[in-house]
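Q: Could you take a close look at one part of this model for me, the sheet together with the helices and aromatic rings around it? I'd like one connected walk-through rather than a list.

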Amino acid sequence: MDFSIKFWDRAAERYARRPVADVGAYEKKLAVTQQFLSADMRVLEFGCGTGSTALVHASRVAEYLATDASSKMIDIARAKLRDQPVPGLRFDVATLDDYSGQSESYDAILGLNILHLLRDPDQAIHQVYRLLKPGGVFISNTACLSDTRPYLRLITPVGKLLRLMPYVKFLSRKGLEVSMEREGFEIDYKWIPETTKDVYFLVARKSR
């Protein structure tokens, strides 16, 4: 098992108890996302964590599949779903690679706080593009630490060696946009929260 998956399995209970760091920014991202959702949509979220965002959005679409590589995260998400049933919402232990045989299957895909935790974000963007129907949207929220905290490059290898933190990719906002556009996406919306400048919220549309 990949070390990062083990890290998130161990962190799942603590992660579930942690309050949202910036409630205002989170609520704005929820509101913007819902502007791009409609009742007939089929939606995939990868890296869903303990499922809080999926539970908010799923009632607005026809089908919502939320996935995470950590089985412990999905266990917590499924427990939440039992307490708060939402028709059409399903939680699965999976990664984007598990859907490599599909194409043009989803109207919207969410990847929130996940691209910077992947070893090959460009490949993930490619897979998302393939999975989206023409005109579908990719909604992402990504830590772009090359722009805001480049000094952490010196710290993260030690943290990973000591098993105190997962793998982290140092991305930049410009590099992320270039990766999206090179794949064929058009950027519909971009936002940097004033209080949490590390993250970059993007809505990118697959060219028709």
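A: Let's start with helix α2 (residues 23-35), which lies across β4 (106-112), β5, β6 and β7 (199-206) and runs at about 145° to β6. Keep in mind that this is a predicted model. Another helix, α4 (residues 71-83), packs on the sheet too, touching β2 and β3, and its direction makes about 160° with that of β3.

Now the sheet itself. Seven strands make up an open sheet with mixed pairing, and the order reads β3-β2-β1-β4-β5-β7-β6. At the edges sit β3 (89-93) and β6, each of which pairs on one side only. From one strand to the next, the twist averages 15°.

Zoom in on the stretch with β1, β2 and β3. β1 and strand β2 (residues 63-68) pair in the parallel sense over five bridges, and β2 and β3 are also joined in the parallel sense over five bridges. For the residue-level register, E45 stands opposite A66 in β2, while F46 has T67 of β2 as its bridge partner. T67 in turn stands opposite D92 in β3, so you can step across from F46 to T67 and on to D92 if you want to trace the pairing by eye.The connections between these strands go through helices. β1, helix α3 (residues 52-57) and β2 make a right-handed β-α-β unit. From β2 the chain crosses through α4 to β3, and this β-α-β crossover is right-handed. As for β2, five of its six residues are buried, so the strand is largely enclosed by the rest of the structure.

F46 also leads us to the aromatic rings. The structure holds six aromatic pairs. One of them joins F46 and F138 in a stacked arrangement, with 6.2 Å centre to centre and 25° between the planes. F46 lies in strand β1 (residues 42-46) and F138 in strand β5 (residues 132-143), so this pair ties together parts that are 92 residues apart in sequence. Both partners are tucked away: F46 counts as buried at 5% relative accessibility, and F138 is buried with a relative accessible area of 0%.

Y129 and F185 form another aromatic pair, this one edge-to-face, at 4.9 Å centre to centre and with 90° between the planes. Here Y129 belongs to helix α5 (residues 121-131) and F185 to strand β6 (residues 185-191), so the pair ties together parts 56 residues apart in sequence. Y129 is buried, with a relative accessible area of 16%, and F185 counts as buried at 3% relative accessibility. Put the four rings together and you get one aromatic cluster made of F46, Y129, F138 and F185.

There's a charged side chain to look at here as well. K206 lies over the face of Y129, at 4.8 Å from the ring centre. Outside that set of four rings, R119 lies over the face of Y167, at 4.2 Å from the ring centre.

How values were computed. Residues are numbered from 1 along each chain as its sequence is written. This is a predicted model: local features need pLDDT of at least 70, side-chain atom pairs count only at pLDDT 80 or more; totals for chains, interfaces and linings use all residues. Side-chain values use heavy atoms; hydrogens and water are left out. Rings of Phe, Tyr and Trp (its six-membered ring) pair if their centres lie within 6.5 Å; planes under 30 degrees apart count as stacked, over 60 as edge-to-face and the rest as tilted. Helices (H or I, at least four residues) and strands (E, at least two) are DSSP runs, numbered from the N terminus. Buried means under 20% relative accessible area, exposed over 50%, partly exposed in between (1.4 Å probe, protein chains only). A charge sits over a ring if NZ of Lys or CZ of Arg is within 6 Å of the ring centre and within 35 degrees of the ring normal. Two strands pair if DSSP finds at least two bridges between them. Axes are lines fitted to C-alpha atoms, for helices over the stretch in contact, and angles run from 0 to 180 degrees between N-to-C directions. Contact means heavy atoms within 4.5 Å. A crossover is right-handed if, with the strands pointing away from the viewer, the path from the first strand over the helix to the second runs clockwise.
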